[in-house]
Amino acid sequence: MSNRKKVWFENNDRKLDPGLVEQLWNARKVDMNVISSNEIPIIVYLKKNCDKDKKDDLLKTCNLDSHNKLERELHSINGVKGHLTPDKIKEIKDHEAVDRIFYDRIVTSFLDVACEHIGAVNVHKNLDLTGNGITIAVIDTGIHPHEDLITPSNRIIAFQDFINGQNEPYDDNGHGTHCAGDAAGNGNLSNGRYVGPAPEASIIGIKVLDEQGSGRLSTIIEGLEWCMDHKEAHNIRIISLSLGAPAYESFRDDPLSRAAQKAWHQGIVVCAAAGNSGPAAATISTPAIDPFIITVGSTDDQNTLERTDDHIADYSSRGPTIDSLIKPDIYAPGTNIISLLAPGSAIESQIPELIIDENYIQLSGTSMATPICAGIIALMLEANPNLSPNDIKSILKATSHPTLDDLWGYLEAESAVEMAKNYQLQVQTAVQDS
């Protein structure tokens, strides 16, 4: 039996999350006393019913010098974000106001025939539904005012920049613009060839990832909170999250999962990419681990309209989740998807060989599948605005096409929209017959 004494952050009674413990080990390699000016980005969960005096004392304790600062509340998770040195973390971990401390981990973006393949074109033609009046918030790298989004009318109804604080829409990475087009591009510059499922939906671009496509958990949470705070003003019905981070904690504790779940319970449908860490099992990222929200996996449609040759993309993350829950909830096309190009973006310079007809670019990933799913949901909500997030999820699962070798199937737009249109009537009939 080993008699090795444990370091203070090993004996923490779950006060510190595993990611933070890892960062403290890294800091210790630099400074054996773990007393340094090394600032670690953190999120502090406050105890439930924490009174103002205890909270103020915590903030006073943490804001004494330039190396330690708790600077912004994250109300959706009852937390505060900031940066602290290892010695300050040691000092406050047992503070009366502190429930738990998390490392504010890096979150990254997850890097044709798709619209017709899933039946969206039939919805446009046969049901005359295009997502009109429904707002999709794309929380990502920003949004470029591409012609397919602003002509004949500007459908970018709001833009919020949590990275550089700019007011006008832009996208220095390009990922968010592609995702916006996956959901709601109208094909204006391609004569309708490259069109998303909801070509008349309104779009909000929320920049939470930088030019390299990365950001922090807390910044994504701020983006989610902005959507909750502006839900009524902009009629935000759907949030598309083509981003994520490795899941170390249960969805009950994970900060990003908790914030996404809060948005869901406030009536916003949240779609999150499963991740691109397949084909290994148990690779679902956060916030996609949350059991409430819609987790989207990616298929490879082989660029054909037939479904018989489709399969789950090798890169698409597999379940179960860290909590042993079944995920993804639904699959959508995500391989070789042609969508909007943001001129001057990082993606344009990194992969110029994938640029199509100057105004578009071809990308693959669960990042692409997720906004395609969000676009179909916009059609469902246009058909029946009274549907709740739980209704939407139930309909998507019930109407999915069982062609894939997984517990859940392949998104089928026409069936989903038809059921959405008649859903309340079906529920009422079932209640009357019971």
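Buried means under 20% relative accessible area, exposed means over 50%, and partly exposed lies in between, with a 1.4 Å probe and protein chains only. Keep that scale handy for this tour of a predicted model, in which local features need pLDDT of at least 70, side-chain atom pairs count only at pLDDT 80 or more, and totals for chains, interfaces and linings use all residues. Residues are numbered from 1 along each chain as its sequence is written, and side-chain values use heavy atoms, with hydrogens and water left out.

**Stop 1: D254 and R105**

Select D254, which counts as buried at 0% relative accessibility. Now add R105, also buried, with a relative accessible area of 4%. The two form a salt bridge (a side-chain nitrogen of Lys or Arg within 4 Å of a carboxyl oxygen of Asp or Glu), and their closest N and O atoms are 3.4 Å apart. Elsewhere, R14, R100, E249 and D253 are joined into one network by salt bridges that share partners.

**Stop 2: along α10**

Keep D254 selected and extend to helix α10, residues 255-265. Helices here are DSSP runs of H or I with at least four residues, strands are runs of E with at least two, and both are numbered from the N terminus. D254 caps the N-terminal end of α10, with a side-chain oxygen 3.1 Å from the backbone nitrogen of L256. Is α10 enclosed or open? Eight of its 11 residues are buried, so the helix is largely enclosed by the rest of the structure. Colour the buried ones, including P255, L256, W264 and Q261. After α10 comes G267, whose phi is positive, near 95 degrees.

**Stop 3: two more salt bridges**

Pick out E249 and R14, whose closest N and O atoms are 3.6 Å apart in a salt bridge. E249 is buried at 6% relative accessible area, whereas R14 is partly exposed at 49%.

Next, select helix α2, residues 52-62, where D56 and K52 lie four residues apart, about one turn of the helix. An α-helix has 3.6 residues a turn, so residues three or four places apart point the same way. The closest N and O atoms of the D56 and K52 salt bridge are 2.7 Å apart. D56 is partly exposed at 31%, and K52 is exposed at 60%. A search of the whole structure finds 18 salt bridges.

**Stop 4: a three-stranded sheet**

Show β9, β5 and β11 as a cartoon: they form an open sheet in that order, with antiparallel pairing. Two strands pair if DSSP finds at least two bridges between them. The edge strands, β9 (214-216) and β11 (243-244), each pair on one side only. Two bridges join β5 (residues 106-109) to β11, and S109 stands opposite L243 in β11.

**Stop 5: the nonpolar cores**

A nonpolar core is a set of buried Ala, Val, Leu, Ile, Met, Phe, Trp, Tyr and Cys residues joined through side-chain atoms within 4.5 Å. Which members of the largest core touch the most other members? Select I139, I239, I294, I377, M380 and L396, out of 97 residues. Helix α12 (residues 366-383) supplies the largest share of this core, 11 residues.

Zoom in on I139. Leaving aside neighbours within four places in sequence, its contacts include I206, V208, C227, I239 and L243, where contact means heavy atoms within 4.5 Å. Finish at a second, separate core of 22 residues, with I42, V44, A97 and I101 among them.

Technical notes
A polar contact is a pair of N or O atoms within 3.5 Å; within protein, one must be able to donate a hydrogen and the other to accept it, and residues adjacent in sequence count only if both atoms are side-chain atoms.
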